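Trainee: Got a minute to walk through this one with me? I'd like to start with the cavities and then move on to the sheet.

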Amino acid sequence: MGDLVAVFVIWLVAGGLAEWATVSWINSGPWDSGPYFYVASNLGTVGLHAFDFLLEFAVAIFMLVVVMIAYSAVRFRVRRGERPSQAPSQSRYNGTFVGVWIVGSIVLNLLFWIHPTASGLEAVYAAQLPQNNKNALIVDVAARQWEWIFSYPQYGIQQAVNNQGFDALWLPVNRPVEFVLKSYDPAHNYENIDYVIHSFWIPAFGVKEDVVPGQTRYLYLIPTHITSTKTNEMVRVQCAEVCGGGHPYMEADVHVVTPQAFAAWVQHQKHLQASILNLEGIVGDES
Amino acid sequence: MAPAMRGVLWGLVAFFVFNAATLAVDPSAESPYASQVSVTVGWFAAMIAYLLGIGGLEAVARPMFGLSDTWREAPGWRRYFGFSTDHKVVGLQYMLASAGGFLVAGLVAMAMRYQLMTPYLTIFGSTSDYLTAVGIHGTIMMFSVATVFMVGGLGNYLVPLMIGTNRTVFPKLSGLSVWLVPFGILTVALSPLLGGFTTGWRGYQPLAGSDTNGILFYYLGIVALTTSSFMVALNLTTTIIFRRAPGVTWNRLPMFAWGILTVSLLNLIWLPEIQITYLMNLAERLVPLNLFNANGSPAMYLDLFWLFGHPEVYIVVVPALAVWNEILPVMGKKSLFARPVAVLGLVFVMLLSGLVWAHHMFTNIRATEQLPFSFFTEMISIPTGFAYLAAIGTLWRSRLQVNTPTLLVLMSMFNFLIGGLTGLFLADVPINYQIHNTFWVVGHFHYTIIGGMVFSSLAAMYYWLPKFSGRMFNEFWGKFGAIWIFIAFNATFGNFFVLGLRGMNRWVPVYPGYLVPENVWTSIAAFVLGAGFLFHAAHLWWAWYRGEKADENPWGARTLEWQTSSPTPEVNFSRPPIVAANFYSYGDDAPPVLWAGDASHAD
Amino acid sequence: MALDTYDPSEESSLASRRGGLGILLAAQAVIPVVLISVRFLLASESVGPVNQVLGVLAAVLGLVAAYLGIQARGAASRGERAGYDSLLGWAVASAVLSIALLIVQWIAFYGTGTSPGSPYGEVFYVMSGTWLMYLLIAAFVLFAARVRGRRVAYGPDNYWDVEAATLFMSFVSLVGVVTYLFLYLI
């Protein structure tokens, strides 16, 4: 009995310290992003809450098992100078221990599956319903080897680029976005044999979706904070599925801005696009 | 000429002859020296010629056609470099081949970690070269180390001893299969000759379709390595079913034999599945077909791969769980706790492992499929936990000798616990959306495989060293090495979780600058870890030849392998052992294992 | 406790070999299952321009080879040297003819202009190719059993080689029937 009490007390103390550290971690970072370090979307928040919940339980379970192992290894060891002998107790079964263990692990796993897994998925699915995304900004995303191409059909922007000509994703804050994800190459749309699987990932948004050749996928989310790649490099589009040699370079800058700044950016893009089209028109005339 | 030399020579000749012959008749050859078809034909011819040269000609091919078996094993250490029907020789050959794979793939890992110390390319010429390194590392580690060392190596050596028999049912099968391991390792390692491959160890389609021809050596190497594992599974399953000594009932079957039996069943079901998938991939390239590219079904390949791929990781770890409960009762001198629960745990892990594969595809599959797969994935932790239940129950109130094998087992339990608990996060779909394909995943599976399986393998090597060599390791240096790799391992792979959460994705030699400091620390720890493994190899090598002479049963164990002399004599048991009691019953009043009057020492 | 369960007599050794081969064949049955799933995933239930007669004949010849093998096993277990030799010879011939018919089918199918890259085309070549591969191995082991039988006399204590080859051929003939059903009919 004494050993059991000792294990329990050590677990309470060590586990309590570990939980205190865990809670401090959970409450750290901008907007309490904690273990996710930087979360700026509604879907990311769902994942983060699930993570925080599981982390608190996982730390407690981890400490319990480690304390049991470490306590046994120290307390029941053959000490220096002692001769090894048969253990005094040869108990081969203990219904209470086995029962508590098995029932406990089943209950915990069912709990984890109901919350946060099923409940979190409910939240994710609800966020994907079109009726919950009225007035969504549509962004067509084409993933090719190796580039993300963003177009905004509602604003007639064919390929959004920054001033250096690199692809860039601009989003207004707090407005739902509908990403329409396809894996194809607008410039070589006859070579569909070479299309591969990519994965559309914005680390700061806490979500990724695979982009599979021959399929169109939809992802709805709401950016919740004004930020940009310059503010934090987790705010970037990154390919998360290996897609060949250019995989590491398959990234793009992201800007989450105020609606006013977004409107100004749209005008700028239209202007930019018109000048490119004019340029192409001139070249076309000469040939 | 040594058989190994003869095999290599015949293999090379066959490769060039068949390669040239195919080129001569192939109208579509892409290059004057090698085409996809000619390389594939040459490779299969080389494999057959190599197996014949190793000794298959005299020992297998001749008797098959009714001629006499003229194979004679070389004496002394030379017998390890040729075909052998002795399960102990085969087991050691497997361990050596597997350790060779560990060295090759480990050096590749060191190069990868060196590359990752900077956010721009240094020692790799291109990102594709880096991806090839990732693929070679993963493929060799998975198919020639993780699934081979414990099953082909320890399994072949120990299972016949543990069940009290002198030979396996198909000794020639094992004699040949072990030689496919170096052949497969070499094939994968030589893939850069054909341009390498960028898909990593999973060979994802449709990317593999647009890869260079190096992917051929990935497919072919895996065909060789999985064939080897399949043959082992077949032989050991049959041996465990049919050749147990009298008294070794199913209720008394040792834990490690249970572990090998369950993984062998997994191997028997899932290896044919992945082999036909790889043969389809091969046909897709050679013909070509449209099975898995954008015109076919890319997602089908993912399903076919992970259908095998997830049972694969249980193939890796189930023997490790069994080894814990093999060693702890001996070192604690206490009866194994809740043995039926521990065995049921292994069996249920085996059964459930076929129902969880799509959790590798949460960002890919449709929403209706996410909940059931996350359900089974979370449930599989319950039978896995039974190994802990038995181990902790055994430790409780034991008389534990905290020596090197015990320490490594406890460390393995610690590491695997982290591996398992981090898997809980991956099984949760909303979290998976963020950490899938990041370094979190890489950390998770390295914790289960290195932390679980490699640490347990080292524990097993120290525990059974007196059995293999008749000599004892040095307790101080053994513990020193164990603590060394424990610290270095956790420093390396613990960092992976944080890296993953901070947005470090997989397969990138070039990454955003804010991740540099953490990567530098991780790499330094990884180099220390690599050195730690070399230290263990050197220590084991030294102990094998120069260690102190060990007693015949230095741990006072009850399982059958310790009931014959150490090192194991040529004939395991000169008289058949008859088992009359449980192997895991300790205590002063425990009945003797062997039936009285049947001392089975080989003297 | 009986020692004979440990020290294998020829009989218990034979039982373990039979058991092992049974495990091998059961494991190999995974392959047709995978191929049938792939067939429905890629080509649903469509059937291309295959020659039904050639398909039926190839499957039936496989069954014939297996039947002749079973007869040869009986002859070998009775030590009838001439009997098993000619039966094994005919079994090899049936298997080889089955292979030849499959190759003719390939040529005929290619001649219809169906691309190997079309959904039914790739399923056709993959499934019949696997069937062909199994037939080649089965023909080889039957042939080896026959050659061995000329040098080593089979008899009541020594007919495992014929039995193993026959069991494998029986498995392959079933693969052939299943392949025919799922590839040509459904």
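Trainee: What volume does the largest cavity have?
Mentor: Keep in mind that this is a predicted model. Searching the whole structure with a floor of 30 Å³ turns up four cavities. The largest cavity comes out at about 50 Å³.

Trainee: Which helices of chain C each supply at least two residues of its lining?
Mentor: Start from the residues: P32(C), L35(C), M127(C), T130(C), W131(C), V175(C), V178(C) and T179(C) line the largest cavity. Now set those against the helix ranges of chain C, namely 30-43, 119-151 and 160-185. The helices that each give at least two lining residues are α2, α5 and α6.

Trainee: How many charged residues are in that lining?
Mentor: Go class by class. Six of the lining residues are nonpolar, and two are polar. For charged residues, the count is none.

Trainee: Over to chain A: which strands stand at the edges of the open four-stranded sheet?
Mentor: The strand order is β2-β1-β4-β7, with mixed pairing. Two of these strands have a single partner each, so one side of each lacks a neighbour in the sheet. From one strand to the next, the twist averages 25 degrees. The edge strands are β2 (147-151) and β7 (216-221).

Trainee: And what is the bridge partner of D140(A) in β4(A)?
Mentor: D140(A) falls in the range of β1, residues 137-144 of chain A. Seven bridges join β1 to β4 (residues 177-183), and the two strands run parallel. Across in β4(A), the partner of D140(A) is V180(A).

Definitions and conventions. Residues numbered from 1 in each chain as written. Chains lettered and ligands numbered in written order. Predicted model: local features only at pLDDT ≥ 70, side-chain atom pairs only at ≥ 80, totals over all residues. Heavy atoms only, no water. 1 Å grid on protein atoms, 1.4 Å probe; cavity = no way out; pocket = protein on both sides within 12 Å on 5 of 7 lines; lining within 4 Å. Points joined across faces, edges and corners; volume = space filled by probe spheres on them. Nonpolar A, V, L, I, M, F, W, Y, C, P; charged D, E, K, R; others polar. Pairing = 2+ DSSP bridges. Axes fitted to C-alpha atoms, helices over the stretch in contact; angles between N-to-C directions.
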